[in-house]
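Biologist: Please take a close look at chain packing and strand pairing here. I would like one connected account.

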Amino acid sequence: MSSKRKSAAVLMSIFLVLFAAGCKKKPAPPPPPPPAPKPVEAPPPPKRPTINQFSAEPSSIERGQSATLRWSVSDATEVRIDPALGVVQSNGNRTVFPSNTTQYTLTARGPGGDATATASVNVTAPPPPPPPPPPPVTRDFTRELETRVQDAYFDYDKSDIRDDARSTLSRNADSLKAILRDFPQKTITVEGHCDERGSAEYNLGLGDRRSTAAKEFLGQLGVPADRLKPVSYGKERPQCTETNETCWQKNRRAHFAPGQ
Amino acid sequence: MKRTIPCILGAAAGLAALLPAQDIIEKVVGGTRPVLAVPDFRGAGEAAPHMSVFNATLYADLDNSGLFKMAAKSMFPLEVPQRPEDFRPPLAPLTAKKGAAAQPVRQGPWLTDWSQPPVGASHLAFGYAATQGDQLVLSGWLYDVSQPNVSSAQLIGKRYLGPVSAAGAKTVAHEFAADIIKQFGGETLLNSKIYFISDRTGSKEVWSMDPDGSSQNQFTSYKSTCTTPAVSLDGTKIAFTTYARGIPGIFIHSLETGRRLPFVNPQATITYSPGFTPDGQKLLYSSSLSGYAQLYIGNPDGSQSQRITQTRAVETEPKVSPKGGSIVFVSGRSGTPQVYMMGMDGSSAERLTSGEGDATNPSWHPNGQLIAFAWSRGFEPGKFNVFLMDVASRRYDQLTHGEGKNENPVWAPDGRHIVFQSNRSGRSQIWTMLADGTKVQQLTTQGSNTMPVWAK
């Protein structure tokens with residue numbers, strides 16, 4: 001409505017009222033109302049702070065992204081936003097990087113009281129990365145030897161390949177050929193060991209026979225013998241230290257280890 | 001220790017062979033031993049605190065020499081002479097009562113205090129210590145107390161100097177004991193060394209020590225496994241086996257400079273168990289160059305080596321006799337390892353042991369007639385004991401009897417003592433004993449200690 005039309009309507013209303021009054025006989029005027037009690041000159045009540053705006057945009061982010069908090073407050077003496085921002089100006093905006101879903105609370109304090117408002121930023125986990133590419137086909141040399149090649153055992157004071165050692169070494173031969181093919185740069189140490197009973201000196205010679213006998217047997221089965229390196233440990237490195245035949249048998253062996 | 005000598009006179013040599021023979025021990029440590037009285041020496045002033053060390057060292061050296069029967073201290077007279085002037089010859093008897101023998105009149109300490117019962121000594125060592133300036137001065141005498149007077153009794157009268165300390169007291173005690181031992185034809189072990197293998201640092205290294213177990217010092221630092229040490233007869237070189245190169249091979253070091261000397265190992269999976277010829281001009285060793293570990297002899301730098309055994313068996317531990325000419329060694333050619341003897345070129349090899357058990361670790365006596373070795377004869381496999389054998393007659397005797405495993409016996413330069421390894425106290429340790437099996441002493445305690453050799 002324009003202000004011209006507004007003023008015309010007011011004039012018309014006044015005119016109509018005056019006209020109506022002129023038509024009626026004037027009655028005695030009523031007594032005036034008692035005077036209104038003199039209003040106390042109280043100050044106007046202080047206003048409560050008004051939070052005109054408190055928003056988070058966007059309200060949902062992925063972890064690592066940011067959101068913007070915007071706020072506008074009037075009639076406040078102190079404005080805080082928790083968590084993270086603390087005391088702030090009455091109006092403003094800030095960028096936040098919440099790592100988890102966070103509800104921000106704006107608290108406005110003023111002489112007329114407090115006012116609060118909240119705004120939430122919903123944080124969603126980013127989608128997982130793609131699984132790592134499958135490892136290249138490099139198997140562990142030491143592990144291959146440990147899992148696929150068994151010790152060959154010997155009789156006391158003997159370096160002959162017994163029947164059970166013959167079976168073991170025949171199985172070993174296939175594994176050793178495959179392993180040496182897969183690891184063309186590697187050599188394999190064939191360790192000769194003895195039990196604790198013979199003399200240390202004689203056992204060094206006996207252990208040498210055991211390692212060499214095992215190597216020669218494997219060579220006959222087609223294992224590349226130049227990549228099998230015998231070394232005698234005599235009774236220097238027992239794998240079992242008890243004094244009984246079970247333990248001694250464990251020590252009378254040819255063992256296959258990664259080469260030097 | 002009284003031992004009966006088996007009567008073998010007239011017995012056929014064949015019957016005598018391989019029979020236990022206790023006379024072998026008599027040969028080495030037997031004979032009538034002088035009875036030696038060694039009262040405690042006293043010290044004046046600052047020497048006094050060190051006298052207990054002195055007395056213990058002197059007594060131990062003399063007792064362990066095995067040359068003497070030590071007179072019991074509890075029988076000693078109360079008046080102990082400290083110097084020749086303390087002796088007072090008794091006066092001749094003035095009058096003899098009827099029916100009683102004339103008794104000399106005692107004036108003070110006298111030779112007969114020691115020669116007659118209850119002491120019954122043939123010899124007396126006495127003296128005292130004092131300080132002079134910053135030195136400990138030990139005055140020591142050795143008397144033959146069977147003599148009629150002091151001047152004819154004196155065999156040794158000497159002063160020994162050392163620092164005023166426990167170490168000084170030990171030094172003068174060792175020197176005085178060495179003079180006494182020499183007086184009776186013995187050889188002091190004072191300046192000899194025992195080399196051995198110890199794992200106390202975490203890896204097996206060569207160590208050395210004095211014959212009483214003192215001054216234990218690390219010689220090698222290869223942080224690998226060292227084993228089978230051998231020292232040249234003149235004590236200037238040590239050869240041993242080591243895994244420092246990965247596979248077992250021989251290294252040689254000078255004992256004078258400590259430096260490594262050149263030795264070229266053959267291209268074999270194992271080269272080990274070195275032994276010098278007595279003149280130090282050749283080195284024998286065992287090598288798998290041709291297959292089984294066989295014996296070789298060559299120059300000490302590894303050049304011009306020749307194979308001297310031709311068997312399909314393990315041949316090891318070559319030990320050349322002290323005067324040269326013979327090698328004792330260990331071979332598996334007839335079954336279990338046994339001790340053999342042959343000429344320097346490998347000719348006329350003969351088995352010395354019976355074939356029973358395992359026989360191993362032969363070591364020549366300095367006289368070239370006896371060997372000591374380890375044998376499991378009469379025991380479970382691996383339960384070695386120390387034996388002696390006369391290589392000409394092949395008669396043997398046994399020195400240990402199942403007190404743990406007793407291996408690697410090696411003669412001392414004096415020909416009366418043996419160093420060996422035994423696990424009788426737990427782990428393997430180095431022990432010494434007199435060659436009759438007495439005076440057994442443990443020299444090492446730290447870690448496991450094996451393969452002793454006794455060098456000049």
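Modeller: In chain A, 66% of the contacts with a separation of 6 or more are between residues 24 or more positions apart. The model is predicted. Chain A holds 5 helices and 12 strands, and 38% of its 260 residues count as buried.

Two residues of chain A show contacts of this kind in detail. A:Asn251 belongs to helix H5 (residues 245-251) of chain A. Its relative accessibility is 3%, so A:Asn251 counts as buried. Setting aside neighbours within four places in sequence, A:Asn251 contacts A:His193, A:Cys194 and A:Asp195, and also A:Pro238, A:Gln239 and A:Cys240. A:Gln103 sits in strand S7 (residues 102-110) of chain A. With 48% relative accessibility, A:Gln103 is classed as partly exposed, because buried means under 20% and exposed over 50%. Outside its neighbours within four places in sequence, A:Gln103 is in contact with A:Asp82, A:Pro83, A:Thr118, A:Ala119 and A:Ser120. Of these contacts, A:Ala119 is 16 residues from A:Gln103 in sequence, with 5.8 Å between the C-alpha atoms.

A:Cys194 and A:Asp195, two of the residues that A:Asn251 contacts, also belong to the lining of the largest cavity. The structure has 1 cavity of 30 Å³ or more, and the largest holds about 60 Å³ of space. Chain A contributes A:Tyr156, A:Asp157, A:Cys194, A:Asp195, A:Gly198, A:Tyr202, A:Asn203, A:Leu206, A:Arg210 and A:Arg252 to the lining, and chain B contributes B:Pro337 and B:Asp358. Sorted by class, this lining consists of 5 nonpolar, 2 polar and 5 charged residues. 

Next come the nonpolar cores. The largest has 25 residues, and B:Phe54, B:Leu58, B:Leu62, B:Phe176 and B:Ile180 touch the most other members. At least two residues of this core come from each of helix H3 (51-64), strand S4 (123-132), strand S5 (135-144), strand S6 (154-163) and helix H6 (166-183) of chain B. H6(B) provides the largest share, 7 residues. Within this group, B:Phe176 touches B:Phe41, B:Leu58, B:Ala125, B:Phe126, B:Leu138, B:Gly140, B:Trp141, B:Ile156 and B:Tyr160, leaving out residues up to four places away in sequence. Apart from the largest core lies another, of 24 residues, and among them are A:Leu204, B:Tyr292, B:Met341 and B:Val391.

On to strand pairing in chain B. Strands of a sheet are paired through backbone hydrogen bonds and run either parallel or antiparallel. Strand S23 (residues 370-375) of chain B is mostly covered, with 6 of its 6 residues buried. In a regular strand, side chains alternate between the two faces of the sheet. In S23(B), B:Leu370, B:Ala372 and B:Ala374 point one way, while B:Ile371, B:Phe373 and B:Trp375 point the other way, and all are buried.

S23(B) has pairing partners in S22(B) and S24(B). Strand S22 (residues 359-364) of chain B runs antiparallel to S23(B), joined by 4 bridges; B:Trp364 has B:Ile371 as its bridge partner. The hairpin of S22(B) and S23(B) has 5 residues between the strands, and in this hairpin B:Gly368 takes a positive phi near 75 degrees. With strand S24 (residues 385-390) of chain B, S23(B) pairs in the antiparallel sense over 6 bridges, and B:Phe373 is the bridge partner of B:Phe387.

Two open sheets of chain B can be described in turn. One has 4 strands in the order S18-S19-S20-S21, with antiparallel pairing. Its edge strands, each pairing on one side only, are strand S18 (315-320) and strand S21 (350-351). Strand S20 (residues 338-343) of chain B pairs with S21(B) in the antiparallel sense over 2 bridges, where B:Tyr340 stands opposite B:Arg351. B:Met341, listed above in the core of 24 residues, falls within the residue range of S20(B).

The other open sheet also has 4 strands, in the order S26-S27-S28-S29 of chain B, and its pairing is antiparallel. Here strand S26 (406-411) and strand S29 (441-442) are the edge strands, and each pairs on one side only. Strand S28 (residues 429-434) of chain B and S29(B) are joined in the antiparallel sense over 2 bridges, and B:Trp431 has B:Gln442 in S29(B) as its bridge partner.

Methods: Residues numbered from 1 in each chain as written. Chains lettered and ligands numbered in written order. Predicted model: local features only at pLDDT ≥ 70, side-chain atom pairs only at ≥ 80, totals over all residues. Heavy atoms only, no water. Core = buried A, V, L, I, M, F, W, Y, C linked by side-chain atoms within 4.5 Å. Buried < 20%, exposed > 50% of the residue type's maximum accessible area, 1.4 Å probe, protein only. Contact = heavy atoms within 4.5 Å. 1 Å grid on protein atoms, 1.4 Å probe; cavity = no way out; pocket = protein on both sides within 12 Å on 5 of 7 lines; lining within 4 Å. Points joined across faces, edges and corners; volume = space filled by probe spheres on them. Nonpolar A, V, L, I, M, F, W, Y, C, P; charged D, E, K, R; others polar. Pairing = 2+ DSSP bridges.
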